Amino acid sequence: MRQRIITLITDFGERDEYAGVMKGVILRLNPSCQVVDVAHQISPQGITEASFILGNAYPYFPQGTIHVVVVDPGVGSSRRPIVLSADGHLFVGPDNGVFTTVYLKEGEKHTFELTNKQYFLPRISSTFQGRDVFAPVAAHLSLGLDPGELGREISDPVILDDFTPEISRNQIKGKVIHIDRFGNLITNISRQTFISFTRDKRFAIRVAYLVVNRVSDAYYEGKEGDLLALFSSSDWLEISMKNGNAKELLKVGKGEEIVVTECEPGRCGLL
Amino acid sequence: MRQRIITLITDFGERDEYAGVMKGVILRLNPSCQVVDVAHQISPQGITEASFILGNAYPYFPQGTIHVVVVDPGVGSSRRPIVLSADGHLFVGPDNGVFTTVYLKEGEKHTFELTNKQYFLPRISSTFQGRDVFAPVAAHLSLGLDPGELGREISDPVILDDFTPEISRNQIKGKVIHIDRFGNLITNISRQTFISFTRDKRFAIRVAYLVVNRVSDAYYEGKEGDLLALFSSSDWLEISMKNGNAKELLKVGKGEEIVVTECEPGRCGLL
Amino acid sequence: MRQRIITLITDFGERDEYAGVMKGVILRLNPSCQVVDVAHQISPQGITEASFILGNAYPYFPQGTIHVVVVDPGVGSSRRPIVLSADGHLFVGPDNGVFTTVYLKEGEKHTFELTNKQYFLPRISSTFQGRDVFAPVAAHLSLGLDPGELGREISDPVILDDFTPEISRNQIKGKVIHIDRFGNLITNISRQTFISFTRDKRFAIRVAYLVVNRVSDAYYEGKEGDLLALFSSSDWLEISMKNGNAKELLKVGKGEEIVVTECEPGRCGLL
């Protein structure tokens, strides 16, 4: 059997042992699988952020990859541990909305609640199920276990509404869902949503106290310090500052409202 | 021979080349071993912290794993480089106390001073023995080298007293030895030490100006902002804040005293 | 064919998916190659810093390693994507100076512009060529592709002058090019440059308002708080503070001037 890949997305950071321990648990069960760090610096308890990162990353991995997401403020409570099968990938983690981006994108998918304890570690803590449940389950899946063996199929997984901007006849009201390391403000307005709305009309994108009237092709466009709107590498509308940091310029954070409006020539800056 | 795993715990961070260079040295000597990052954000020169992380992580890795720990403020001085063999694992690093948690936990163990230069890089710097000594030694061990070939056995390794709280008839005086990314204050009081002391008696856990009288089962218990005591995933007594950051609430740091006292009904909050 | 290694140096940090996505692209094209994180916390747009890290790291990796460097403020502009072959290693990234340390060190080398789109992802964004160009090219190289298949050879790559201090008859005028996690100030004055200049003469190294008159052998020398000059593990002149942080003591940043001067006995502290 070919080597399987297990990716990790967590809010564990790099100064604790948590991510390393998960790797140990996985490699003890399947020494030949390849564990790939995707992101461990998700904001603590940042479920939406984890879902955003996952949604942008998983399509680039090979079929058969197992993606483990552990951003889990409800660990030890009654929130369900699940495995999701979609588009040839498997996803393992808590049922708290972290898989929203996968649910919104994929057509056929199957979700199973993890209840079969024979695939967990023998002793399950109430504080670290990444180690005790998700890592061993991922390892067993990488050895060929069928997801259906892990528990019953469920049809009501938690889906966040963070990735669904409000669209009306004359505007899209979205928000900043992620701010990357460069200070770029990434919104929940997809390229497709934006283009369906604007078509050939003139438009204004308002963020904080500023308005942008065009979408640039790349970061290098414009003059030093210009505020740019462009589509991120994963096709979300993004606000960026030429050779600078849009977050610091605008003093905005996650959740900040972004409004796209149709506008008339000569009045586009006056929203 | 099956693929061997080498784990890395360092205070090198992720913005310098130091950890990457160690991986290069290892892979040049043994291209088929698997190098696993456990933690590189140990506080600079944080020997106790490194030992804490190692102690929590190594038991979850497969037998035969080689753990390299490089937190080494005395690099280039007369502190000894060592390899420790215990419980089927090997540990490579400086003899400055980083292996304390292994020494305290394991029964039979053997420590060898690294003196056989044929397993080092040809030129040994006085500033980066992670690259010049520990990485190549780990790689040779992963190829099957017997630890006894590296130097003579020693019986007096450095053992820190940080993991040994003071226990008297009516109290345990411990301290915060680690603060994790979520602001949880993790103490050097183990579950076993705590339970042996408290048995069925009432108790008070005092940290800074606050007192907690019960041990919770999971982070989700209590009300928003409550201070919780619970056992960490590695069975250390831990102070946590429900959906918050205990470190910021209490304004305490590593080394802060934690006292567990027996108390009488009605007087448990008045320590 | 033996397993090939691909290393990554980027300014992507660990909280976005960017580095993880590059790993996905690589592993989809070549599931058996080994992807090694060298450093992802390069300062945003820190081309000189990336080149410094690369220059210190690559010589320790096995022959045949492919090093991908993505610090790319000009992404989407006309800056050329290139592959460099030198000393048995391959280097993939933008032609913006990130490979300066390799060009300065290696004799025979060949640089090719990446123009053959059959080795890129089908759709090339203007914001993330690490994913769309550099990762797939590195994967194809790891499968045995000849660099010459990727485009025509060029002879005018960008070379930064940051690694070339000004040397005159009586002084070397260099600068701080990197500050590591421990606050050590690493300069662009190499051990060889320094020794050729000072030979057996007395010298003074001036940084900010302080002067150091000798080069120490290791960090542990001197008294607590002493400012030390020594050679870094990669043989650059470095200013360090005994058990402390030279950056914070001196309040200096990257680019700070460092001057080495010949001096007469009794007058070495009076520059």
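**Group meeting: how chain C meets its neighbours**

The contact between chain C and chain B takes 37 residues from chain C and 34 residues from chain B. I start there, since most of what I have concerns chain C. Keep in mind that this is a predicted model.

On area, chain C and chain B bury about 2,800 Å² between them, and 51% of that lies on carbon and sulfur atoms. Which three residues supply the most of the area that chain C buries against chain B? They are C:Tyr60, C:Arg181 and C:Phe182, with 28% of it between them.

Next, the charged and polar pairs. The count of salt bridges between chain C and chain B is one. It joins B:Arg123 to C:Asp235, and the closest N and O atoms are 3.0 Å apart. Polar contacts across this interface come to 18 residue pairs, with both residues at pLDDT 80 or more.

Where on chain C does the side that touches chain B come from? Four elements give two or more residues to it: strand S2 (34-39), helix H2 (47-57), strand S9 (171-179) and strand S14 (227-231) of chain C. Sorted by class, that side of chain C has 20 nonpolar, nine polar and eight charged residues.

Now symmetry. A turn of 120° with a shift of 0.0 Å along the axis lays chain C on chain B, with an RMSD of 0.0 Å. That is how copies on a three-fold axis are related. Chain C can also be laid on chain A by a turn of 120° and a shift of 0.0 Å along the axis, again with an RMSD of 0.0 Å.

Why do I say that chain C and chain B meet through different surfaces? Because only 14% of the interface residues of chain C are also interface residues in chain B. For chain C and chain A the figure is 15%, so these copies, too, meet through different surfaces.

That brings me to the other contact of chain C. Here 34 residues of chain C are in contact with 37 residues of chain A. The two chains, C and A, bury about 2,900 Å² between them, 51% of it on carbon and sulfur atoms. In the area that chain C buries against chain A, C:Arg15, C:Glu17 and C:Thr127 supply 22%, more than any other three residues.

How many salt bridges are there between chain C and chain A? The count is one. In it C:Arg123 pairs with A:Asp235, with the closest N and O atoms 2.9 Å apart. The rule finds 18 residue pairs in polar contact across the interface of chain C and chain A, both residues being at pLDDT 80 or more. On the side of chain C that touches chain A, helix H1 (18-29) and S2 of chain C each supply at least two residues. H1(C) has the largest share of that side, eight residues. The residues on that side of chain C divide into 13 nonpolar, 12 polar and nine charged.

Taking the whole structure, a search finds 39 salt bridges over all chains. The one from C:Arg123 to A:Asp235 crosses between chains, and both ends sit in loops. C:Arg123 is in the loop between strand S6 (109-113) and helix H4 (129-142) of chain C, and A:Asp235 is in the loop between strand S14 (227-231) and strand S15 (236-241) of chain A.

For one inside a chain, take B:Asp95 and B:Arg80, whose side chains meet in a salt bridge at 2.8 Å, N to O. These two are 15 residues apart and link distant parts of the chain. B:Asp95 lies in the loop between strand S5 (89-94) and helix H3 (100-105) of chain B, while B:Arg80 lies in the loop between strand S3 (66-70) and strand S4 (81-86) of chain B.

Last, the fold, using chain A. Seven strands of chain A form an open sheet with mixed pairing, in the order S2-S1-S3-S5-S4-S6-S7. Strand S2 (34-39) and strand S7 (153-154) of chain A are at the edges with a single partner strand each, so one side of each has no neighbour in the sheet. Further in, strand S1 (residues 5-10) and strand S3 (residues 66-70) of chain A pair in the parallel sense over five bridges. A:Ile6 has A:Ile66, in S3(A), as its bridge partner.

Methods. Residues are numbered from 1 along each chain as its sequence is written. Chains are lettered from A and ligands numbered from 1 in the order in which they are written. This is a predicted model: local features need pLDDT of at least 70, side-chain atom pairs count only at pLDDT 80 or more; totals for chains, interfaces and linings use all residues. Side-chain values use heavy atoms; hydrogens and water are left out. Copies are superposed by least squares on the C-alpha atoms of residues with pLDDT of at least 70 in both. Contact means heavy atoms within 4.5 Å. Buried area is the accessible area (1.4 Å probe) that two parts lose on being put together, summed over both. A salt bridge is a side-chain nitrogen of Lys or Arg within 4 Å of a carboxyl oxygen of Asp or Glu. A polar contact is a pair of N or O atoms within 3.5 Å; within protein, one must be able to donate a hydrogen and the other to accept it, and residues adjacent in sequence count only if both atoms are side-chain atoms. Ala, Val, Leu, Ile, Met, Phe, Trp, Tyr, Cys and Pro count as nonpolar, Asp, Glu, Lys and Arg as charged, and the others, Gly among them, as polar. Two strands pair if DSSP finds at least two bridges between them.
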